[in-house]
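Let's explore a protein model together through a few short exercises. Each task comes with a worked solution, so try it yourself before reading on.

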Amino acid sequence: MSIVTVQLGQCGNQIGFEVFDALFIDSHCPQRLSSKRENEAYQASCKERFFSEEENGVPIARAVLVDMEPKVINQTLSKAAQSGRWKYGQHSSFCQKQGSGNNWAYGYSVHGPRHEESIRNLIQKEVEKCDSLSGFFIIMSMAGGTGSGLGAFVTQNLQDQYSNSLKMNQIIWPYGTGEVIVQNYNSVLTLSHLYRSSDALLVHENDAVHKICAKLMNIKQISFSDINQVLAHQLGSVFQPTYSAEGSFHYRRNPLGDLMENLVPHPEFKMLGVRNIPQMSENSLAYSTFTWAGLLKHLRQMLISNAKMEEGIDWQIRPPLPGLPNLSKMSLNKELHFNTSIANLLILRGKDVHSADLEGFKDPALYTSWLEPVNAFNVWRTQRAFSKYEKSAALVSNSQFLVKPLDMIVGKAWNMFASKAYVHQYTKFGIEEEDFLDSFALLEQVVASYCTL
């Protein structure tokens with residue numbers, strides 16, 4: 001089954017390019033651990049999901065590119081074509097001459113309705129090329145105007161048009177220090193609208209990815225391209241093919257459906273995060289060896305201590321003992337120590353993958369009381385290594401990891417809203433104070449729900 005990717009705004013288009021490039025390079029790089037037949041099956045499965053074939057043999061990304069300014073889309077199209085590996089379709093992009101000025105209301109209320117039909121037609125053409133549609137993967141930022149406002153509008157439209165197809169939004173959470181003065185408004189409006197129309201929100205925090213580039217990849221001057229490559233690696237490690245069942249050597253057909261089934265057991269909880277191990281520069285890799293026991297011990301501690309990378313993990317944090325009150329259920333003002341999960345999906349790739357001991361992730365203390373570990377924890381595997389790592393693991397979690405950042409964004413936006421700062425920039429494009437209040441209420445409910453896990 002195929003996934004149609006919708007790349008929105010500058011951020012969405014730049015990340016989208018890196019994701020397709022990472023998927024293509026990985027699937028075309030023969031792994032010595034796998035047989036020729038296995039490599040071919042993996043490549044075919046990746047292609048069915050993300051690429052369609054062109055007559056001259058160059059694969060075309062199953063993607064639609066949307067931005068309200070032409071510059072980034074033109075750069076993205078030519079970068080893909082120049083790679084010589086794959087390209088975007090000739091008529092797969094839509095752009096205008098005027099951006100959204102970092103105003104969510106302009107993207108949502110002006111650009112959205114004005115260009116609704118053109119964008120819908122592009123998406124429909126892409127859907128028609130799929131033999132079978134698994135769903136939509138929508139890549140966007142939530143701080144600006146186009147990715148966030150138009151992204152929320154397009155997602156809503158997809159929900160109306162393709163109500164039976166799954167929609168996963170890949171969201172870039174802005175830097176805490178702030179790129180845009182109204183980013184908290186834009187973020188609150190984006191998240192609240194997506195919570196109503198998307199099936200799952202896969203969130204990456206810019207601050208966390210930035211730290212990975214600095215500490216693990218040893219990059220001195222970090223560019224957006226560096227950050228996007230780390231993101232693409234993490235997404236590739238989730239979306240590349242894995243076996244459909246324990247002991248099977250057939251690749252799973254419906255990755256989006258399987259992800260949702262494993263990770264979103266209740267519509268109130270749809271915030272997902274990704275952690276990867278190992279992540280390091282080529283130079284460090286040459287001197288490193290990994291065991292499954294070591295990788296999974298670190299990954300489990302990253303999960304329960306809510307660390308985004310294996311450096312600087314707090315090893316003091318332990319799951320609560322049965323019968324004792326869970327500290328994380330206390331008020332938000334107390335530091336959230338232990339990160340409780342609703343569901344976890346562990347994806348293992350590489351050598352001796354079936355020998356990995358997963359008992360640490362089946363501990364009931366890691367999960368909310370209303371789901372048994374047998375339902376809350378799943379594992380996908382493949383013997384085929386991913387990227388340059390002989391063994392690697394990705395953990396996709398539905399947990400309390402976003403409670404603090406979400407509470408902070410809602411708090412900052414509320415403080416501005418209480419003094420009516422910049423609200424006029426939104427009301428003049430039809431977003432009323434009532435819409436803000438609805439958004440605050442919905443997100444405060446989300447925070448409260450995750451706090452009580």
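**Exercise 1. Find what share of the contacts with a separation of 6 or more comes from residues 24 or more positions apart, and then describe the chain as a whole.**

Solution. Start with the contacts: in this predicted model, residues 24 or more positions apart make up 80% of the contacts in the protein chain with a separation of 6 or more.

Next, turn to overall size. A compact globule of 453 residues would have a radius of gyration near 22 Å, and the protein chain agrees because its own value is 21 Å. The C-alpha trace spans about 65 × 60 × 45 Å along its principal axes.

Then look at burial and surface. Of the 453 residues, 58% count as buried. The chain exposes about 18,800 Å², and carbon and sulfur atoms supply 50% of that area.

Finish with the charges and the secondary structure. The mean positions of the 41 positive and 44 negative charges lie 4 Å apart. The protein chain has 15 helices and 13 strands.

**Exercise 2. Decide whether strand β10 (residues 271-277) is largely enclosed, and find its partners.**

Solution. First count the buried residues, using the cut-off of under 20% relative accessible area. Seven of the seven residues of β10 pass, so the strand is largely enclosed by the rest of the structure.

Second, sort the side chains by direction. In a regular strand the side chains alternate between the two faces of the sheet. Here M271, G273, R275 and I277 point one way, while L272, V274 and N276 point the other way, and all are buried.

Third, look for the partners. Strand β9 (residues 200-205) runs parallel to β10 and is joined to it by two bridges, with L202 having L272 as its bridge partner. Strand β13 (residues 391-399) pairs with β10 in the antiparallel sense over five bridges, and here I277 is matched with A393.

**Exercise 3. Follow β13 to strand β11 (residues 341-350) and describe the pairing there.**

Solution. Begin with the link: nine bridges join β11 to β13, and the two run antiparallel. One place to see this is S341, which stands opposite S399 in β13.

Now add the other partner. Strand β12 (residues 377-382) pairs with β11 in the parallel sense over six bridges, and L346 has V379 as its bridge partner.

Last, check burial. Ten of the ten residues of β11 are buried, so this strand is largely enclosed by the rest of the structure.

**Exercise 4. Work out the strand order of the open sheet that contains β3, and name its edges.**

Solution. The order of the three strands is β2-β3-β5, with mixed pairing. The edges are β2 (51-52) and β5 (87-88), as each of them pairs on one side only.

Zoom in on one pair: β2 and β3 (residues 60-61) are antiparallel and share two bridges, and F51 stands opposite A61.

Now move to Q90, in the loop between β5 and β6 (93-95). With a relative accessible area of 75%, Q90 is exposed. Q90 and I60 are 30 residues apart in sequence, yet their C-alpha atoms are 9.2 Å apart in space.

**Exercise 5. Identify the buried residues of helix α7 (residues 206-216) and what covers them.**

Solution. List the buried residues first: N206, A208, V209, I212, C213 and L216. An α-helix has 3.6 residues a turn, so residues three or four places apart point the same way.

Then ask what lies over them. The cover includes β8 (166-173), β9 and α8 (224-239). After the helix comes N218, with a positive phi near 55°.

**Exercise 6. Examine the backbone at P278, K420 and Y422.**

Solution. Keep a rule in mind: most residues other than glycine have a negative phi, and most peptide bonds are trans.

Step one is the bond from I277 to P278, which is cis with omega near -5°. P278 sits in the loop between β10 and α10 (282-285).

Step two is K420, in the loop between α13 (403-418) and α14 (423-427). Its phi is positive, near 60°, and at 43% relative accessibility K420 counts as partly exposed.

Step three is Y422, also found in the loop between α13 and α14. Y422 has a positive phi of about 65° and counts as partly exposed at 30% relative accessibility.

Terms used
Residues numbered from 1 in each chain as written. Predicted model: local features only at pLDDT ≥ 70, side-chain atom pairs only at ≥ 80, totals over all residues. Heavy atoms only, no water. Helix = DSSP H or I, 4+ residues; strand = E, 2+ residues; numbered from the N terminus. Rg over C-alpha atoms; globule rule 2.2 N^0.38 Å. Buried < 20%, exposed > 50% of the residue type's maximum accessible area, 1.4 Å probe, protein only. Contact = heavy atoms within 4.5 Å. Areas by Shrake-Rupley, 256 points an atom, 1.4 Å probe, with all protein chains shown as cover. Lys, Arg positive; Asp, Glu negative; His and termini not counted. Charge placed at Lys NZ, Arg CZ, Asp CG, Glu CD. Pairing = 2+ DSSP bridges.
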